[in-house]
Structure formats: C-alpha cells, structure tokens
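Here is a protein chain to explore together. Take a moment to turn the structure around, then read on for a short tour.

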Amino acid sequence: MTRATLIRLVAAMLVLTAVISVVLLQFDWNGPAGATEADDVDLLLDVMIVLSSFVYSIVLVMLGYSIWRYRAKPGDESDGEPIHGNTKLEVAWTVIPTVIVLFGAAYSWFILDEIEARQGDRLEVDVTAQQFAWRFEYPEEGVTSTELHVPVDRQVELDLEAIDVIHAFWVPEWRVKKDAVPGQPTSVVATPDREGSYEVICTELCGIGHSTMRAPVIVESQEEFDTWIADQGGKAGGAPTGGGAQGALAAEGRQIFDEQGCTGCHTLEAAGATETIGPNLDEVLPQRAPDEIRNSIIDPDSELSPGFGRGIMPDTFGDALSPEELDTLVRYLSENAGGQK
Ligand code: CUA
C-alpha cells in the first residue's frame, strides 16, 4: 500500500465518521431531561456515539477497500498468497482500540464520580421493590408512601432494597438507573431540577407484572413537599377523622394493602386498585372465609384461582407482615371485597 493510498483511506474514514456522527446525533436518544445529571450523561452518550462511528468507519472502509483491491480476477481459481503476519498492522490494531477503550473508561469514570458525589443536604429515601410494586419510606420524616415525592433542586439518595427478585430503579428523565438486589443494599442519587410528574420504571425483567411495575414520581417545590409530608404524617400517625373503629380498620387495612404492593397486581374497588396480573379480589374473596384469605396471603400457591398459575404471587408476605398487620389486612379484605358495603 502506498503512502497516498493510506492517506486516502484515512481521509475516507474521517469523512465517514463525520457523516455517521452527524446523522446519529440528530436523534434525541434519551428524551427530555429533568435532573442536573442529565447534561453530563447526554454528553457522554454523544462522545460514545462519535467514537463508535469512528470504529465502525475504520471497519467499513477497510472492508470495502479489501473487497475492491484484492478481488479475484475472472477465471482465477488459484489460492491466495500465504501471508505470515504484519508487525506494523498488528501494533496499530492493538494500540488504537486500546487507546479508544481506555479513553471511554476514564471519561465514564470521571462522569460517574461527579454525578454520584453525595451532597451534605441530600434527602434520603428507602425504596423497597417487590413483585410488582414500589414502596418509598422517608426515615427522617417517618412517612411511607407508594408515590415518590421529592423537592426540586435538592439531591435525593435512594437506598434500594428488593425483597424477592432483582428489580431496577429508573426515572428516564433523571438518567440514572440502578439494580435493586435481594440481600444486597444499593443506592443511587439524582438532583431533579424540573418540577412535574414522572414515573419510576422497573427496568429489570422481574416476572409477569414487570411491564406494569411503575410508580408516580412528583418533583415539587420545597413548600409543596413539606405540605405533602405533613399530610402523610397526619394520616399515618393520628386517628382518621370520623368513622370510628370501623373507619380506622378500613384506613389501616387499605394502607397495608397499598404499602405491600397489592394494588400492583389485583383489582379491589374499595382500594381503587385495577390491575389484572392477579385474581380480581372483588370476585374471588366474597366466597371465602377469613382463614382461607389469610392462608392465600401467606401461601399463595396452596389454592389457585382459575386462570392463574403457580408462582405469580410472591410467598414473602408471611414474613413481611406482622401478625397484627396480617389480621388487619384479612379483616379489611373480608369486609371490603365485593364492592363497598
Ligand atoms: Cu420489577 Cu421488573
């Protein structure tokens, strides 16, 4: 290969890199942004797109050149020339990819280090993932919820825990993503910088309800957040207004129903639950005695509703619930399933 040919090939690679990069960078791959981490992550993706385009161009140009330059003449049935290596070429194809990969690794490390730095005034939220629901606990504030509320422009640290299988926490607008692994605590931080409603999406295939395993995220002003916390505290701590003992049981039972993620899979009109991954409780529970309901919560596979297979419902609720909570939930279900009474 002459020097002129080499220069032409390199020029072709650079032009192709530019063309592919410009086309690919037109797409808004990550969608709208809603956290301070987003700019860094989006820039990293752009850099990776350009690097990948470069590698792809090298392969494509050399492939095209080789096909054209070393094609067989018509009628030529002879074998190719035996070749025993080319030191210069081998050094080049070892060194260039090594430099590219090391650069990508160092740059990613730099960005990860920056966006994962913990801020002193961050809000801590314990996140529990289970088939197929999310639960959010605010340890400082003493609040538990099925919605994730966070104040805008303040870093939030989400400490993740899974109680059955591997799930993954992802709010696309925040860009960050992290697995929730049973028995191995993980955590992820984000600094939301745009108020609005978003969604936590489970992004690890975790079973039949994976695609519906979502939870609302509300990014709001500090004042609105404080008000929400106060409202939640009022509900969890004090006695519900009106309704007496019956109302208290209903409120407590419904709270357990929500917190345990039952709404993620079942339909129960009294709790505003409409999912269909598990049996419709308004249809299957009215015919059943409290003991049978209790048994189905602890050992779901012992008796299956028609149309539902084994293993759909986790068998972890016997451990997750205290005996009192279980009593409350069973009473709540037996009194409220089948429509409001
Ligand atoms: Cu949880 Cu997918």
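## Two helices side by side

Let's start with a contact between helices. Glu37, Asp40, Val41, Leu43, Leu44, Val47, Met48, Leu51, Phe54 and Val55 in α2 touch a set of residues in α3, namely Ile100, Phe103, Gly104, Tyr107, Ser108, Ile111, Glu114 and Ile115. Keep in mind that you're looking at a predicted model.

How are these two helices set against each other? The axes of α2 and α3 (residues 87-115) are 10 Å apart, and the packing angle is about 175°. That makes the two helices, α2 and α3, roughly antiparallel, because an angle over 145 degrees counts as such.

## The front end of the chain

Now have a look at Thr2, which sits in the segment before α1. Thr2 has a relative accessibility of 48%, so it counts as partly exposed. Pick out Ser296 as well: between Thr2 and Ser296 there are 78 Å in space, C-alpha to C-alpha, and the two are 294 residues apart in sequence.

There's also a nonpolar patch on the surface, made by Val15, Val19, Val23, Phe27 and Trp29. Together these residues have about 500 Å² of accessible area. One of them, Phe27, belongs to the loop between α1 (3-24) and α2 (37-69). Phe27 has a relative accessible area of 49%, which means it is partly exposed, since exposed would take a value over 50%.

## Charged pairs

Side chains of opposite charge can pair when their charged atoms come close. How many salt bridges are there in this model? The count is 11. Three of them are set out here.

| Salt bridge | Closest N to O distance |
|---|---|
| Arg175 and Asp42 | 2.8 Å |
| Glu157 and Arg118 | 3.1 Å |
| Arg294 and Asp327 | 2.3 Å |

Take the salt bridge between Arg175 and Asp42. Asp42 is in helix α2 and Arg175 is in the loop between β6 (167-170) and β7 (177-180), so this pair ties together parts that lie 133 residues apart in sequence.

Next comes the salt bridge between Glu157 and Arg118. This pair also links distant parts of the chain, 39 residues apart: Glu157 is in strand β5 (residues 156-162), and Arg118 is in the loop between α3 and β1 (123-130). Are these partners buried or exposed? Glu157 is buried, with a relative accessible area of 8%, whereas Arg118 is partly exposed at 35%.

The salt bridge of Arg294 with Asp327 spans 33 residues, linking helix α7 (residues 290-298), home of Arg294, to helix α9 (residues 323-336), home of Asp327. Arg294 is partly exposed with 27% relative accessibility, and Asp327 is partly exposed with 37%. Some salt bridges share partners, too: Arg118, Arg122, Glu124 and Glu157 are joined into one network that way.

## A few backbone oddities

Which peptide bond is cis? That's the one from Gln131 to Phe132, with omega near -5°. Phe132 is in the loop between β1 and β2 (133-138).

Two residues to check for their phi angles are Asp153 and Arg175. Asp153 isn't a glycine, yet its phi is positive, near 60°. You'll find Asp153 in the loop between β4 (148-151) and β5, where it is exposed, at 56% relative accessibility. Arg175, also not a glycine, has a positive phi of about 75°. Arg175 is buried, because its relative accessible area is 11% and the cut-off for buried is under 20%.

Note on methods:
Residues numbered from 1 in each chain as written. Predicted model: local features only at pLDDT ≥ 70, side-chain atom pairs only at ≥ 80, totals over all residues. Heavy atoms only, no water. Patch = residues over 30% accessible without salt bridge, like charges linked within 9 Å, V, L, I, M, F, W, Y side chains within 5 Å. Areas by Shrake-Rupley, 256 points an atom, 1.4 Å probe, with all protein chains shown as cover. Salt bridge = Lys/Arg side-chain N within 4 Å of Asp/Glu carboxyl O. Helix = DSSP H or I, 4+ residues; strand = E, 2+ residues; numbered from the N terminus. Buried < 20%, exposed > 50% of the residue type's maximum accessible area, 1.4 Å probe, protein only. Axes fitted to C-alpha atoms, helices over the stretch in contact; angles between N-to-C directions. Parallel < 35°, antiparallel > 145°, perpendicular 65-115°, else oblique. Contact = heavy atoms within 4.5 Å.
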